[in-house]
Amino acid sequence: MGREQGQGQPEGYSDGDIITQGVLDGVINPFGDQSAAGMALLMGAALDGNIQNAKGTTKTFDLNASRELSDWLGAGRSAALAIGGQASREEFLSAANTSYAEKVVASTGIDPNTHNEGSRTVYAAYAELNVPIVKTLDVTAAVRYDKYSDFGNSTNPKVSFRWQPSTTTMVRGSYSTGFRAPSLYEINAANTYTNTSTVNDPINCPNGTPAPGKSASTNCDMQFQKLQGGNKNLNPEESKNATLGIVYEGVKDLTLTADLWAIELEHQIANMAETDAFGDAVKYASLFHRNAAGNLSIDGSQCPGVNCGYVDLRTQNLGGIKTNGIDLGAQYRLRTTDYGTYNFSLNSTWVHQYKYQNTEGGEWHQNVGIFSGIGPVFRWQNTASVRWNKKELSAGLTGHFKSGYLDAENDYVDNHRVASYTTFDSYISYTQPKGVAVTFGIRNMFDRTPPLSYQETTFQAGFDPRFTDVTGRTMYVRASYSF
């Protein structure tokens, strides 16, 4: 329960035991107006305090050096070498204020006995060598060695090139491998219980029909308890990355770019989507922990505890990701004597493939243009803008575009497609030479409403707030002074 300060209403968290007992005794009316006794009990259950504290620290020492060498291959430019090293100490602590957390566990899901801490020492060494092969071609080779006190060591190389066959054209490319150890937060973050979206228990209520001996009121169309937080059993991520691109500047003030990219990731560190876990409870049976009645808990006061049933959606290694696509860019500047300067730009990303696994060696799930797992991967995303300035005045218009996609599976309609989403932002600004600047802007200037989506990953209904803005057209004024 919350309140505005000074309004005489409960604030902060509430003592779940007092509230529960008040409902059972009939003093608190959860469906309507409160009596004086019910209001007094609610006020008495209000709590305001510190639940938990978390602190992370990193201390780092860096040392690096670089120098030019000689023109090894007669390309007209010298080779260059850079070397370096790094040592760091990381520490993390997350602990609950037990005496207070015990009173609000029903509304926070935080284990009152939470005390997670970890530390590590990391050493790294790296080197990079740039060698001009001929006048138009440079090749760079780099390598990095990392040693973790808790995850062993890893060596990762990178090779890249830059070839400029003419004054107007440049070709570039690279290949590298990567390594990422899970952060101390991902390992040690406090485990908390919260609610799923409204779903059916896939074992006790398959397809919305209660199994024999099971009640619909506790197994069908319900919000169950799920466990989130850190996981001490995580393994590092490993990746491979490749790029190949071209830059063209054959027209004055015009720059065109195109970059192909491909990424492969193994042992992805993330949270499994609710829809995937509940979509195949047999395959992911190890994630489902049931209470004494064989159910998932719908009452947060049971968790944590011996009678807590929940689905374990803590951070974990989910398997691999394979994705590739192309980035496109265009920049053009138009200068006029009487009408100022215009800057036009377009940045686009086209994703050819994005597929992922929920488990090591598991099934590959396609995700481009399809809501799968935690959301869609857009086939196209574009940002186009035009900016104008003349002396103290400037103005701009920017358009944002996301392509449509096949919506999440739902109980309302089959194969619903979410429409594409385009919005425009604009601004006009006055900047005085003495440092005064005033800007007036409009976001979503044509008041575009979000396209219909039946997703239930978030608790919003009818749209997806992660990729759209339900607030509609908004205006702002900003003033600044620099000196």
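1. Which residue in E7 does Arg144 stand opposite? In this predicted model, the residue of E7 that stands opposite Arg144 is Asn156. Strand E6, which covers residues 137–148, and strand E7, which covers residues 152–166, run antiparallel and are joined by twelve bridges. The two strands form a hairpin, and three residues lie between E6 and E7.

2. Strand E7 also has a second partner, since it pairs in the antiparallel sense with strand E8, residues 169–180, over seven bridges. Within this pairing, Lys158 has Ser176 in E8 as its bridge partner. The connection from E7 to E8 is again a hairpin, here made through two residues. For a reader following these strands by eye, it may help to recall that in a regular strand the side chains alternate between the two faces of the sheet.

3. The largest nonpolar core of the model has 14 residues, and those with the most contacts inside this core are Met272, Ala277, Phe278, Leu287, Phe288 and Val311. Phe288 can serve as a place to begin looking: when its neighbours within four places in sequence are left aside, Phe288 is in contact with Pro202, Ala277, Phe278, Ala281, Leu296, Tyr310 and Val311. Another core lies apart from the one just described, and its seven residues include Ala96, Ala101, Val104 and Ile110.

4. The largest pocket deserves a separate point, with a volume of about 1,300 Å³. Its lining is made up of 46 residues, of which Val199, Thr275, Glu409, Asn410 and Glu456 are the closest to the centre of the pocket. Helix H6, residues 274–279, supplies the largest share of this lining, namely five residues. Sorted by class, the lining of the largest pocket holds 14 nonpolar, 21 polar and eleven charged residues.

5. How many cavities of 30 Å³ or more does the structure hold? There is one cavity of that kind, and the volume of the largest cavity is about 50 Å³. The residues that line the largest cavity are Phe378, Lys402, Ser403, Tyr405, Val418, Ala419, Tyr421, Pro451, Phe467 and Thr468. By class, the lining of this cavity divides into seven nonpolar residues, two polar residues and one charged residue.

Notes:
Residues are numbered from 1 along each chain as its sequence is written. This is a predicted model: local features need pLDDT of at least 70, side-chain atom pairs count only at pLDDT 80 or more; totals for chains, interfaces and linings use all residues. Side-chain values use heavy atoms; hydrogens and water are left out. On a 1 Å grid over the protein atoms alone, a cavity is a set of points where a 1.4 Å probe fits but cannot get out, and a pocket is an open set with protein on both sides within 12 Å along at least five of seven lines; lining residues have an atom within 4 Å of a point. Grid points are joined across faces, edges and corners, and a volume is the space filled by probe spheres set on the points. Ala, Val, Leu, Ile, Met, Phe, Trp, Tyr, Cys and Pro count as nonpolar, Asp, Glu, Lys and Arg as charged, and the others, Gly among them, as polar. A nonpolar core is a set of buried Ala, Val, Leu, Ile, Met, Phe, Trp, Tyr and Cys residues joined through side-chain atoms within 4.5 Å. Buried means under 20% relative accessible area, exposed over 50%, partly exposed in between (1.4 Å probe, protein chains only). Contact means heavy atoms within 4.5 Å. Helices (H or I, at least four residues) and strands (E, at least two) are DSSP runs, numbered from the N terminus. Two strands pair if DSSP finds at least two bridges between them.
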